Amino acid sequence: MDTEQAEPDPRACKYRLDPNADQIRTQSQAAGAARVSFNMLIACNLDALKAGWAAERELIKAGTDAAEAAGKPVVAANSKL
């Protein structure tokens, strides 16, 4: 069994994309959909974070120690998921 590795090929390859109008429109739609879904995810995560902060404040108002209240997992009752 030969353990020597072949030399890497030093040649470079260049590729050029030249999409037609339909492909450009499809790529733009895909990028827009990705942007919208990312923004929706960020909004959902922010809502969950704010709900956690509100629940922590309620626990502290109810008399729970602040350090203990921060460590409790919170599940939002009105979650959009």
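Which side chains meet in a salt bridge? Arg25 and Asp22 do, at 3.1 Å from N to O. The notes below start from that pair. Keep in mind that this is a predicted model.

1. **The salt bridge.** A search of the whole structure finds one salt bridge. Its partners, Arg25 and Asp22, both lie in helix 1. They sit three residues apart, about one turn of the helix. Side chains of opposite charge can pair when their charged atoms come close.

2. **Exposure of the pair.** Arg25 has a relative accessible area of 48%, so it counts as partly exposed. Asp22 is also partly exposed, because its value is 46%. Partly exposed here means between 20% and 50%.

3. **The length of helix 1.** Helix 1 covers residues 21-61, which is 41 residues. At 1.5 Å a residue, the helix should span 60 Å. Its end C-alpha atoms are 60 Å apart, so the expected span and the model agree.

4. **The start of helix 1.** Asn20 makes a contact here. A side-chain oxygen of Asn20 reaches to within 3.2 Å of the backbone nitrogen of Asp22. Asp22 is also the acidic partner in the salt bridge with Arg25.

5. **Just after helix 1.** Look at Gly63. This residue takes a positive phi of about 110°.

6. **The nonpolar patch.** Leu46, Leu49 and Trp53 make a nonpolar surface patch of about 280 Å². Trp53 lies in helix 1. With a relative accessible area of 44%, Trp53 is partly exposed. That value is over 30%, so Trp53 passes the accessibility cut-off for a patch.

7. **Ile60 and Ala70.** Ile60 has its place in helix 1. Its relative accessible area is 36%, so Ile60 is partly exposed. Ile60 and Ala70 are 10 residues apart in sequence. In space, their C-alpha atoms are 9.1 Å apart.

8. **Cysteines.** How many disulfides does a search of the whole structure find? The count is zero. A disulfide is a covalent bond between the sulfur atoms of two cysteines. Cys13 counts as exposed, because its relative accessibility is 61%. Cys44 stands at 26%, so it counts as partly exposed.

9. **To recap.** For a first look, begin at Asn20, where the side-chain oxygen reaches toward the backbone nitrogen of Asp22. Next, find the salt bridge between Arg25 and Asp22. Then go to the patch made by Leu46, Leu49 and Trp53. Finish at Gly63, just after helix 1, with its positive phi.

How values were computed:
Residues numbered from 1 in each chain as written. Predicted model: local features only at pLDDT ≥ 70, side-chain atom pairs only at ≥ 80, totals over all residues. Heavy atoms only, no water. Helix = DSSP H or I, 4+ residues; strand = E, 2+ residues; numbered from the N terminus. Expected span 1.5 Å × (residues − 1). Polar contact = N/O pair within 3.5 Å; in protein donor to acceptor, adjacent residues only side chain to side chain. Disulfide = S-S within 2.5 Å. Buried < 20%, exposed > 50% of the residue type's maximum accessible area, 1.4 Å probe, protein only. Patch = residues over 30% accessible without salt bridge, like charges linked within 9 Å, V, L, I, M, F, W, Y side chains within 5 Å. Areas by Shrake-Rupley, 256 points an atom, 1.4 Å probe, with all protein chains shown as cover. Salt bridge = Lys/Arg side-chain N within 4 Å of Asp/Glu carboxyl O.
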